[in-house]
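Got the viewer open? Let's take a walk through this one, stop by stop, with a selection to make at each.

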Amino acid sequence: MGEMDGTKVSYLKILTYHRELLVSRLRSVQCILDNLLACSFVCEEDVEIVLRSATRTDQVRKILELVQCKGEEACEYLIYVIYKVCDAYIDLQPWLKEIDYAPSSDATALSVVNTDPISRYSEKLRHEMSRDTCFIMSYGQREETRLEDLYTDTQMDLLNDCNQSLGFLASLDQLLGDHAVFNPQGEVIYVMGDAGVGKSILLQRLQNLWSKKDLQTDAIFFFKFRCRMFSIFKDTDQISLRDLLFKHNCFPDHDPDNEVFDYILRFPEKVIFTFDGYDEIQMNDLMNAPDVVSPDVKAHPVQLLDSLLSGKLLAGSQKVLTARTGTEIQSKVIRKKVVLRGFSPAHLKTYISIHFKEQEHRDQVSVQLDASPHLCGLCSTPLFCWIVLKSFRHLHTMHDSFDLPETCITLTDLFLLLCEVCLSRSGSPAPSLLKKSPRCVSETFVAGLRPLAAFAKLALQGMERSSFVYSQEELTECGLTEEDLTLGFLRPVSRCDASRGPETFEILHIILHSFLAAFALVLDEQAAASSVLKFFTECSRKREPRCLPFDVCLCGSSKSNEKAPFETNEHLQFTNLFLCGLLSKAHAGLIEHLVSPVLLRKKRALLKSYLSKSVKSHLSGLPHYDSGEGKKVHVLPNFLWMLRCIFETGSRGIAQMTAKGITADFIKLGYCNVFSGDCTALNFVLQHRQRLLGLDMDNNNISDYGVKQLQPSFCKMTIVRLCVNHLSDSSIEVLAEELCKHKVVEVLGLYNNSITDVGAKLVAQIIEECPKLRVVKIGKNKITGVGGRYLASAIQRSTSIFDVGMWGNSIGDEGAQAFAEALRNHPRLTNLSLSANGITSKGGKCLAEALKENSVLRIFWLVQNELTDDAAPHLAELVQANTGLSHLWLINNHFTVDGIKILAANLKLNTALKEICVKANRLSEEEEKQFVEDKRLRFH
């Protein structure tokens, strides 16, 4: 806004003309008065007169009268304040555009201070969140690390509504964006992952970025919740939405008119919520409660949480929810889905460099990790990696020598290492620069047995009552002292109303909680020896599947020890796993210093007997079915935990019995959430199998580390399906070495990985050298025309292969020409897909010409390429040749009605073709009707 027709615009007249609108929409009167007073447009007496008015609208009228009396400069300054403090006056932003307001140089020379309650509360939230999130709690309460000094990105895998991977997020900004939203009506961005994979630290990073205004979002409010803290509330507690938001985070200052909460209700899109650990909501809190639809109604906090997530309250706000893998949530509330996959090799290298500033130490750790694929696999989980690196650094400074174990390290080894570090800090003097003590693990544990037993007792009590939050009284009852708290097993927890009630605590991580609970079962000399099996019994019970949210229940008992189990029982499974490790022969030397050897042997015998019986029962109960590939078995969820427990025991006898009990020819482990570390456990059993075996591990997260751990078992595998597993060329190198050596593989599935032309060359070697190989699926990788030539050449030489899938690569016309030569007179190949490969009419012509000399191919897919009418005559000649081809798919190319006419004319001369699919080409509905009589030409 400036001068119009040589006449300067009158701001006084603008205020007069729009007086009614300003009176109805102008809020935050105090901010206007503060700035008018600061710039001397009004005096203290004027402010007092305004504030004497009983209602806000009367106060606005007084302000307008005052500034209009002061003249044009005061009138523009009032508009300038509205312009500058846009968050406070969001309702008037359209009005500013309507009047085409642009500040004059006189206005911009004056300062504006934002004293609006909304803006001030936003800044207060940022300040509080910055303080709360800038540090990561480490081993001891006295030791903290800055988040920005330790945080390393992990692999954030986007999923669609069918849980299929869409690729990795490049940054946290994309987490909140619209990319990959499959349900616009959904309210929740669902982040899932295994325990220890970094869900909580990811949210902390998100919160910290927002607090520093480094997150790309328009949100001015951010409320964070840990779902575990909802267990503090009694079933009879009632709270308002306002109190839930403000008491858990911080209260607005100087907000007598409740403007902040009113703003949140009116503009929920300006709010971000994070809810961490939804799987820890207890089931008796989630059934049959009524929905809360009014923000003014008091309700149980879990009901409010439930209504927030489902959009009954603050619909349109951004909500990020984390939960452990396996927690089912209704699809209708999920907006976007992300699964955390842990560290990639590049992430791991970065993490090592953060922990070790000296290159010598980096090299030392890297060499030891490279020598152990299993340890690398474990370190792909951030929590395990943190334990390994921190333990290495700490124990290396304490003792004369410390190396990572050369043998296959177990999770029990890792957490014993963590305990050793914590206990070694108890009263130990600073290590001398000239003299370090020799390392004696048993001495460390014996010296620290009292506090270790107390922490273990506390963890077991929490596990038994399904509660992970402890009061000071509970700590004291278990024998823990103030000094014990500095060891680092516990950390303080803020509750929803931090100003009330005593301080509460939690164990550093849920997996450490499970480890300590298992230790308590081992150390307990009062209970019957059979008590070590109590959680095995719990995990073996059949549970009714539930889908969260949002069937809330508050009708259960108010006693905390009567609460129903959590949605997942993974914490109990980890307890069983650690029990197997602690009672293994490998750790007998240590545990015998802590427990009576007689009782230890009795507990070990009970556990071994139980495991043996359970394995036999589980294997006999697996559903078998016959197929063309032999007797198949699709394992049940507990199968993976069974393998993990067997590996922790280190018992070759149980492993051999398990291998013998797997009578199927083909095991399906698809979609079982197998990660790289599990492959060692799987190999520990499969290496004892005598017969050949097919293995389907599609849609997991085994990565290159997992393939290296499975290397000894590939000699027995006739079917190797590793689709969607984040494999690189490194994995293909291992496969090529083993499969070409033993030559028994018949099916090779590598779809949707990260294989390049280097890997394609190795796959070509497998195709050439394995005479039984029948099926190769290598679509959706990163193979270009170069890799296409390698593969086509190998296929041309193979006399066994009959099914090849190349969908979604980039072989282009170069690769198409190579495949044309492979197809010419091929004696065996019946199924071929070259869909989505960037093939133009040039490549299509070569393929059509070659296929005229092929009488074997039956199914040929050229979907989603760049074929035009130029290819139609050549394809028509192929159709006329009547070679035996039965299915030709040309969906989603660039054919027009003219090209389809050529195909249709020659289709009449073909007796073998059952269909030519030409859906989604460049024909209108009217043009498609011309071909309605030929049912083999399919447009739908």
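Start in the middle of things: select residues 630-634 and 666-668. These are strands E16 and E17, and they pair in the parallel sense over three bridges. To see one of those pairings up close, show His634 in E16 together with Lys668, its bridge partner in E17. Keep in mind as you go that this is a predicted model.

Now add residues 624-627, strand E15. E15 pairs with E16 over four bridges, this time in the antiparallel sense. The two strands make a hairpin, and just two residues sit between them. For a landmark on this side, pick Asp626, whose bridge partner in E16 is Lys631.

Step off the end of E17 and click on Leu669. You're in the loop that connects E17 to helix H31, residues 678-686. Is Leu669 buried or exposed? Leu669 is buried, because its relative accessible area is 2%, which is under the 20% cut-off. Colour its surroundings and you can see what does the covering. Beyond its neighbours within four places in sequence, Leu669 is in contact with Val635, Phe639, Val674, Leu682, Leu695, Asp696, Met697, Asp698 and Asn700. Met697 deserves a distance label: it lies 28 residues from Leu669 in sequence, but their C-alpha atoms are 4.8 Å apart.

Time to zoom out. The protein chain has 40 helices and 27 strands, and its C-alpha atoms fill a box of roughly 100 × 90 × 60 Å along the principal axes. Of the 940 residues, 57% are buried. Among contacts with a separation of 6 or more, 81% link residues 24 or more positions apart.

Next, the seven-stranded sheet. It's an open sheet with mixed pairing, and reading across it you get E6-E5-E11-E7-E10-E9-E8. Which strands are at the edges? Those are E6 (165-168) and E8 (221-226), each pairing on one side only. Look along the sheet and you can follow the twist, which averages 20° from one strand to the next.

Inside that sheet, select 156-159 and 334-340. These are E5 and E11, which run antiparallel and are joined by four bridges. Leu159 is a handy marker here, standing opposite Lys337 in E11. Then bring in helix H13, residues 241-248, which packs on the sheet and touches E8 and E9. The direction of H13 makes about 85° with that of E8. Another helix to show is H12, residues 199-211. H12 lies across E5, E7, E8, E9, E10 and E11, running at about 160° to E9.

From here, hop over to Thr381. This residue is in the loop between helices H18 (373-379) and H19 (382-398). Thr381 has a relative accessible area of 8%, so it counts as buried. Who are its partners from elsewhere in the sequence? Setting aside neighbours within four places, Thr381 is in contact with Ala195, Gly196, Val197 and Phe675.

Now for a smaller set of strands: select 470-471, 490-493 and 504-507. What you have is an open sheet of three strands, ordered E12-E14-E13, with antiparallel pairing. E12 and E13 are the edge strands, so named because each pairs on one side only. Two bridges join E12 to E14, and Ser471 stands opposite Thr504 in E14.

Head back toward the start of the chain and select 29-38 and 44-52, helices H3 and H4. Their axes come within 10 Å and cross at roughly 165°, so the two helices are roughly antiparallel. The crossing is right-handed. Show side chains and you'll find Val29, Gln30, Leu33 and Leu37 of H3 meeting Glu44, Val47, Val50 and Leu51 of H4. Sorted by class, that contact has six nonpolar residues, one polar and one charged.

Last stop: helix H39, residues 897-907. Which of its residues are buried? They are Val897, Gly899, Ile900, Leu903, Ala904, Asn906 and Leu907. To see what they pack against, turn on helices H38 (872-881) and H40 (925-928), plus strands E26 (915-917) and E27 (937-938).

Note on methods:
Residues are numbered from 1 along each chain as its sequence is written. This is a predicted model: local features need pLDDT of at least 70, side-chain atom pairs count only at pLDDT 80 or more; totals for chains, interfaces and linings use all residues. Side-chain values use heavy atoms; hydrogens and water are left out. Buried means under 20% relative accessible area, exposed over 50%, partly exposed in between (1.4 Å probe, protein chains only). Contact means heavy atoms within 4.5 Å. Axes are lines fitted to C-alpha atoms, for helices over the stretch in contact, and angles run from 0 to 180 degrees between N-to-C directions. Angles under 35 degrees count as roughly parallel, over 145 as roughly antiparallel, 65 to 115 as roughly perpendicular and the rest as oblique. A crossing is left-handed if the near helix is turned anticlockwise from the far one by less than a right angle, and right-handed if clockwise. Ala, Val, Leu, Ile, Met, Phe, Trp, Tyr, Cys and Pro count as nonpolar, Asp, Glu, Lys and Arg as charged, and the others, Gly among them, as polar.
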